[in-house]
Each structure stands twice: as C-alpha cells, then as structure tokens.
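Colleague: I would like to learn how to read a model like this. Shall we take it feature by feature?

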Protein chains: 2
Amino acid sequence: MEDLLFLNEALKEAEKAFSYGEVPVGAVIVKDGRIISRAFNRKEFLQDPTAHAEILAIREASRKLNSWRLTGCTLYSTVEPCAMCAGAIIQARVERVVYAVADPKFGGVESLFKILSDRRVNHRPEVVKIELEEAVELLRSFFKLLRP
Amino acid sequence: MEDLLFLNEALKEAEKAFSYGEVPVGAVIVKDGRIISRAFNRKEFLQDPTAHAEILAIREASRKLNSWRLTGCTLYSTVEPCAMCAGAIIQARVERVVYAVADPKFGGVESLFKILSDRRVNHRPEVVKIELEEAVELLRSFFKLLRP
C-alpha cells in the first residue's frame with residue numbers, strides 16, 4: 001500500500017510535466033518512509049538531454065543526503081526508466097525501484113535492456129512493477145495531443 | 001589523426017580527474033572541428049552519482065548549443081561509456097563516439113551492454129575505438145594507488 005501511495009506522488013510530478021508540455025514522467029525518492037526528492041521530466045524546458053525525472057530526483061536526493069550513495073532509498077517512477085536512468089540507478093546504488101508503465105521504445109529495465117537485473121552488474125536493486133491506469137492514461141493523452 | 005588529437009584532449013581531462021583523486025576518465029565534445037565542452041569525472045567531489053565525465057560534457061555542450069540535440073557532435077571519452085552515459089549519448093543524439101579503453105565491469109557499448117549498436121534503439125551513433133596506451137596506464141596507476 002505504501003508503494004502505491006508513493007507511486008501516486010510520482011504521478012503528481014508526471015502531471016506537472018504534462019502541464020508544462022513535457023513528456024509526462026514523474027519520480028520521487030523515498031528513504032525511511034519519507035520523500036527526500038521529487039522531480040518531473042524537464043528535458044525541453046532545460047534543454048538538457050539528461051533532465052529526465054529519475055536523473056533529477058537522484059541528483060536532488062544525493063544533494064540532500066550529501067552522498068552519491070542512495071543506500072536504503074526507493075525510487076518511484078511512473079514510467080520504466082530508460083537505459084540512462086537505469087544506469088544512474090546502478091551508479092547511485094538505489095536499493096529498490098518501483099514503476100508503473102513499461103516503455104517499449106526506450107525502457108532499460110524490462111523492454112530494450114535489462115540493466116537492473118543483469119548478473120554481471122555489481123549492484124542489482126529490487127524491482128517492483130505496479131500497474132497504474134492513470135499513468136498510462138496520462139501518457140496516452142500527451143501523445144494524442146502531439147499527434148492529433 | 002584528428003580523432004587522436006581530440007582523444008588526447010580527453011586524456012588531459014582524465015589526468016585532472018586523477019589529480020583530484022577521482023577515477024580518471026575524461027571527455028570532450030567536438031562540433032565542426034572545435035571543442036565545445038570538456039569535463040572530467042567529478043563524482044566524489046560533487047557527491048553526484050551522475051557526474052561522470054561524459055554526462056558533464058553532454059550537459060555543458062547542451063548549454064553551449066542551447067539544445068538537447070547534439071546533432072553533428074562527436075564525444076571523445078578515454079573510457080568506454082557505462083550504461084548511464086551510453087543512454088545519455090542516445091538521449092542527446094550524439095552523432096559519433098570515440099573512446100580508448102574498454103570497461104569490462106561497467107561498459108555499456110561493447111562490454112556489458114551494447115546500447116549504442118542496438119537496432120531497436122531509435123538512434124545509433126557511429127562508434128570508433130582507438131587504443132591509447134596512456135589512458136590504460138592512467139587507470140592502472142589509479143587502481144594501484146587504491147589497492148596497493
């Protein structure tokens with residue numbers, strides 16, 4: 001139940017992205033039952049190709065903890081992290097990852113690459129997928145607006 | 001020959017990382033024959049798990065060009081980009097990637113994952129590997145210092 005609660009907080013972030021015309025992806029990072037960072041995709045606004053929700057949330061969490069090691073942290077994302085974000089999750093040693101929607105075009109967790117479950121990688125977070133119809137709907141509405 | 005010249009500029013960045021006690025990786029990004037950004041690994045100094053040389057160079061190049069699209073750009077790195085950095089190269093649409101040393105533990109180009117050559121990905125940069133003994137030596141010296 002707690003996972004669903006935090007995933008819904010990530011969804012609120014995704015809704016902000018949507019309202020700014022960004023691909024609607026949101027993320028929050030939780031440690032000891034509290035949200036320590038929250039972010040939404042800001043790639044267009046910042047013109048920064050790395051400014052995905054997950055990367056921004058990871059960087060903010062590291063600032064908060066003053067450590068690149070996000071030990072004991074869970075990252076919630078509305079969408080399956082891409083290869084870049086999955087790689088960042090490894091780099092940051094995030095302990096758990098919870099997401100809602102698979103991304104068949106860019107996904108780096110289950111779709112294109114399986115970066116978080118590869119046995120050769122020195123860190124393997126627990127991965128949980130929780131379907132969240134609102135996250136799917138948000139993406140659908142966004143791409144419908146783009147290609148009417 | 002031009003590739004070797006720019007790879008040596010990346011090596012100068014890696015040497016800076018070494019002198020600051022960071023894993024010695026350096027990167028430069030070149031457009032129209034000129035270096036538009038240069039960076040070295042600053043993960044420990046910034047306590048930012050995403051502060052790899054390639055990510056910092058990509059973000060700086062995007063700032064310079066005021067665009068997340070690094071069209072026509074070549075990224076030179078002393079070491080094979082990890083999954084995170086290879087993913088960022090895709091996100092930024094970097095056109096060419098030149099690197100010197102394979103990374104069997106984290107490499108996302110030829111070692112663990114083949115993110116830059118996967119046919120399902122919507123962008124595939126040209127990848128060139130140029131052996132550079134100095135880059136290997138620098139890494140070797142660094143890890144010898146760590147584990148004497």
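Colleague: By what turn and what shift along the axis can chain B be laid on chain A?

Modeller: First, the ground rules. This is a predicted model, where local features need pLDDT of at least 70, side-chain atom pairs count only at pLDDT 80 or more, and totals for chains, interfaces and linings use all residues. Residues are numbered from 1 along each chain as its sequence is written, chains are lettered from A and ligands numbered from 1 in the order written, and side-chain values use heavy atoms, without hydrogens or water. Now the copies. They are superposed by least squares on C-alpha atoms of residues with pLDDT of at least 70 in both. Here a turn of 180° and a shift of 0.0 Å along the axis lay chain B on chain A, with an RMSD of 0.0 Å. That is the relation of a two-fold axis.

Colleague: Which C-alpha of chain B is nearest the axis?

Modeller: That of M84(B), 2.0 Å from the axis. Both copies use the same surface: 100% of the contact residues of chain B recur in chain A. Contact means heavy atoms within 4.5 Å.

Colleague: How do I read a sheet? What is the strand order in chain A?

Modeller: Strands of a sheet pair through backbone hydrogen bonds, either parallel or antiparallel. Two strands count as paired if DSSP finds at least two bridges between them. Strands (E, at least two residues) and helices (H or I, at least four) are DSSP runs, numbered from the N terminus. In chain A, 5 strands form an open sheet, ordered β2-β1-β3-β4-β5, with mixed pairing. The edge strands are β2 (34–40) and β5 (126–129) of chain A, and each pairs on one side only. The twist averages 15° from one strand to the next.

Colleague: Which pairs in chain A are parallel, and which antiparallel?

Modeller: Take one example of each. β3 (residues 73–79) and β4 (residues 96–101) of chain A pair in the parallel sense over 5 bridges. There, S77(A) has Y99(A) in β4(A) as its bridge partner. β1(A) and β2(A) run antiparallel, joined by 6 bridges. G26(A) stands opposite F40(A) in β2(A). The hairpin of these two strands has 2 residues between them, and D32(A) takes a positive phi near 50°.

Colleague: Now chain B. Where does helix α1 lie?

Modeller: Angles run from 0 to 180 degrees between N-to-C directions, with axes fitted to C-alpha atoms, for helices over the stretch in contact. Helix α1 (residues 2–19) of chain B lies across β1 (26–31), β2, β3 (73–79) and β4 of chain B, at about 145° to β1(B). Helix α3 (residues 53–65) of chain B also packs on the sheet, touching β1, β2 and β3 of chain B. Its direction makes about 140° with that of β2(B).

Colleague: How is β4(B) joined to β5(B)?

Modeller: By 4 bridges, and the two strands run parallel. R96(B) has E126(B) in β5(B) as its bridge partner.

Colleague: And side chains? How many salt bridges does the whole structure have?

Modeller: A salt bridge puts a side-chain nitrogen of Lys or Arg within 4 Å of a carboxyl oxygen of Asp or Glu. The search finds 24 over all chains. One of them links E9(A) and K12(A), at 2.9 Å from N to O. These residues are 3 apart in helix α1 (residues 2–19) of chain A, so about one helical turn separates them.
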